[in-house]
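Trainee: I am new to this structure and would like a close look at a single part of it, the sheet and the spaces beside it. Could you take me through that part slowly, in one connected account?

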Amino acid sequence: MSLESGSVTVEEESTVLSPEVEVHELPAVFQEAKEFVRGVPGSGVSVYDHLTQVLVKMLDERPADANALFEEISASVREATIIEPKKPLTEEQLANKTDVGSERSRQAVLSWTRDRAAMMLPPPVEPNFSQIKFPDLMDESQLWAWANVSLGETATYVVQLGLRQLAAAHKLHLRFWGKVHTRSGDYFLAEARTKENPAKSRPERIVMEGTEGPNKYTYYVSKSPGGADTWQALPHVTPRQLVVAQQTRRFFTGDLGATVPSFPPVPPSPGQLKPDGSGPAEVGTEANLLRAVVALITADTVLALNGFLEAEPEEGEDEMGELNVLKPAEAPEPVTFDALKDPGTFVHAELDISPVGRTQATPQPRGPDGEVAEGPEEPDPEPKAALRSIAEDVRELDDQEKQLLADAGVDQKTLWQLKTEQVPVKPTGPPNEDGAGKAESAQSVAVLKSTKWPGAVCVAREGKTCVNVYVGNGVVSAAMRPKPYELALPKAVASEWRDPAMADDPEADPTAGMAEQADVIFEPQVEAEDE
């Protein structure tokens, strides 16, 4: 063995051969042995290369007892060896590959490709576009970019194709609500107006509000937007579920049928069955919690430009009382860029959800005679005004926070961050006589971000454009963390019994005039033994 320029070479004279090998066969045997040690096995490193690296490392470090440490040095070299990635298989190799895992992956890729290809084909029957409506997400995503929100160009286009399939299949007017991150994939949500009121009568509205409340919308969710069958409608939400959702902060698992380990537990929807269909459900699932959280985010963060909506009281069905209803204004005035700088320009586009989980007053049950029964001991809290400005959205502060803000000269902490961006005007034609060219209108925008629900944004452009979207974890901000659940205090211990005649004399002995009843003793009867 000899060393040349830091490399190791094996000389033919040092090769150990068996006695049966003839001298004239030495070159062929040596070449075969050389090819054997240079062969690259499945690990990616040949014996020749490994021995070379071991000897180089040994000469660099020069340990005192190299023979005793040979195995340790070999192991350290093997751990530090970087294996080059394998070349991708050709189509012919993939077709002949019979590995079960690879075949499963191949089938998954082919299935995904077929689903996406079907989405891009024209529908067999031309849809009636007066009955369906879906957003142009490629255009809206340009506005999202001002708020640093993006799904990616490919994902945005795939979601738009999925919304088109859903709208055409069910004849819906859709709005892309947003995306909720989970621990196993993301929930993509679409919003549509509820076609049939789920709670029309007074008894039904006591259990669940109808289209006059949070159930005015139906939400569809998908983890992989594709055809209409990839979207699932979420159940309607109840006030009890909204109350629990206001007290719960939990990341979603990505399984709509999973149970939610929370206290208080999430109640099920009316008529909801167990997963196996064996009977009525006792507790709700993640689908119920997701629907409640979406309703809370919608009520708190969906905005509109001031003057574009009108609040009109409306008489409810079955004498349910006056209802607050928001309707589009007939001829709203365009908004200027200077107006976008004012928080008063933006108002809430949905009714507020009260702490009891309602947007309207709780209907009172009627007695057998048809008269309204007595109301609850504690009436519903006063709801926030419809179409209120976001300037009124402030967070309740504790004493320490109030002192910190007072030292900074700030009276309150708003729940919105407002930022405006004015795009410079670009000339679109040759200069005129005065040297100025024709200019296109400035695309100036205002970006609002919610600090209560991180991920909720609203982007408005001067004129009449206002876009809302949510991309987040579906969890309220830690600063708005709900009050933890506390057990109710025990009732006061009942006082000892007193003779009503002594009620006027608190110092009287309540045991006076009482005598202990004599004990009654029973002698057991002993049966006579037989002689």
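**The sheet and its surroundings**

Mentor: Let us begin with one strand of this predicted model, β5, from which Y217, Y219 and V221 point one way while T218, Y220 and S222 point the other way, and all of these residues are buried. That arrangement fits a general pattern, in which the side chains of a regular strand alternate between the two faces of the sheet. The strand covers residues 217–222, and with six of its six residues buried it is described as mostly covered.

From β5 we can step to the strands on its two sides. With β4, β5 pairs in the antiparallel sense over six bridges, and within this pairing the bridge partner of E191 is Y219 in β5. With β6, β5 also runs antiparallel, although here the joining is by two bridges, and the bridge partner of Y220 is A233 in β6.

These strands belong to an open sheet of eight strands, whose order is β6-β5-β4-β3-β16-β15-β14-β11 and whose pairing is mixed. The strands at the edges are β6 (232–233) and β11 (416–421), and each of them has a single partner strand, so one side of each is left without a neighbour in the sheet. Further along the order, β14, which covers residues 445–450, is joined to β15 by five bridges, and the two strands run antiparallel. In this pairing A446 stands opposite A460 in β15.

With the sheet laid out, we can turn to the empty space beside it. Rolling a probe the size of a water molecule over the atoms shows where such space is left. The count of cavities of 30 Å³ or more comes to one, and the largest cavity has a volume of about 60 Å³. The residues that line this cavity are R175, W177, I297, T301, V302, A456, V457, N468, V469 and Y470, and by type they divide into seven nonpolar, two polar and one charged. At least two lining residues are supplied by each of β3 (174–181), α10 (286–301), β15 (456–461) and β16 (465–472), while the largest share, three residues, comes from β16.

The helix in that list, α10, deserves a look of its own. It has 16 residues and reaches 22 Å from its first C-alpha to its last, which is close to the 22 Å expected at 1.5 Å a residue. Like β5, α10 is described as mostly covered, and in the case of α10 the count is 16 of its 16 residues buried. In the loop between α9 (239–246) and α10 lies P264, and the peptide bond that leads from F263 to P264 is cis, with omega near 0 degrees.

There is also an open space to consider, the second largest pocket, which has a volume of about 1,000 Å³. It is lined by 29 residues, of which K133, R175, E191, Y217 and C466 are the closest to its centre. The elements that give two or more residues to this lining are β3, β4 (186–193), β7 (303–305), β9 (322–328) and β16, and β16 again provides the largest share, here four residues. The lining of this pocket divides into 18 nonpolar, three polar and eight charged residues. R175 is therefore named twice in this account, once in the lining of the largest cavity and once among the residues closest to the centre of the second largest pocket.

C466, also listed close to the centre of that pocket, brings us to a last point, namely which cysteines pair up. The structure holds zero disulfides, and C458 is in none, with the nearest cysteine sulfur, that of C466, lying 3.4 Å away. A disulfide would need the two sulfur atoms within 2.5 Å, so the sulfur of C466, at 3.4 Å from that of C458, is too far away for a bond. The surroundings of the two residues can be set side by side: C458 is buried, with a relative accessible area of 0%, whereas C466 is partly exposed, with a relative accessible area of 26%.

Methods: Residues are numbered from 1 along each chain as its sequence is written. This is a predicted model: local features need pLDDT of at least 70, side-chain atom pairs count only at pLDDT 80 or more; totals for chains, interfaces and linings use all residues. Side-chain values use heavy atoms; hydrogens and water are left out. On a 1 Å grid over the protein atoms alone, a cavity is a set of points where a 1.4 Å probe fits but cannot get out, and a pocket is an open set with protein on both sides within 12 Å along at least five of seven lines; lining residues have an atom within 4 Å of a point. Grid points are joined across faces, edges and corners, and a volume is the space filled by probe spheres set on the points. Ala, Val, Leu, Ile, Met, Phe, Trp, Tyr, Cys and Pro count as nonpolar, Asp, Glu, Lys and Arg as charged, and the others, Gly among them, as polar. Buried means under 20% relative accessible area, exposed over 50%, partly exposed in between (1.4 Å probe, protein chains only). The expected span of a helix is 1.5 Å times one less than its number of residues. Two strands pair if DSSP finds at least two bridges between them.
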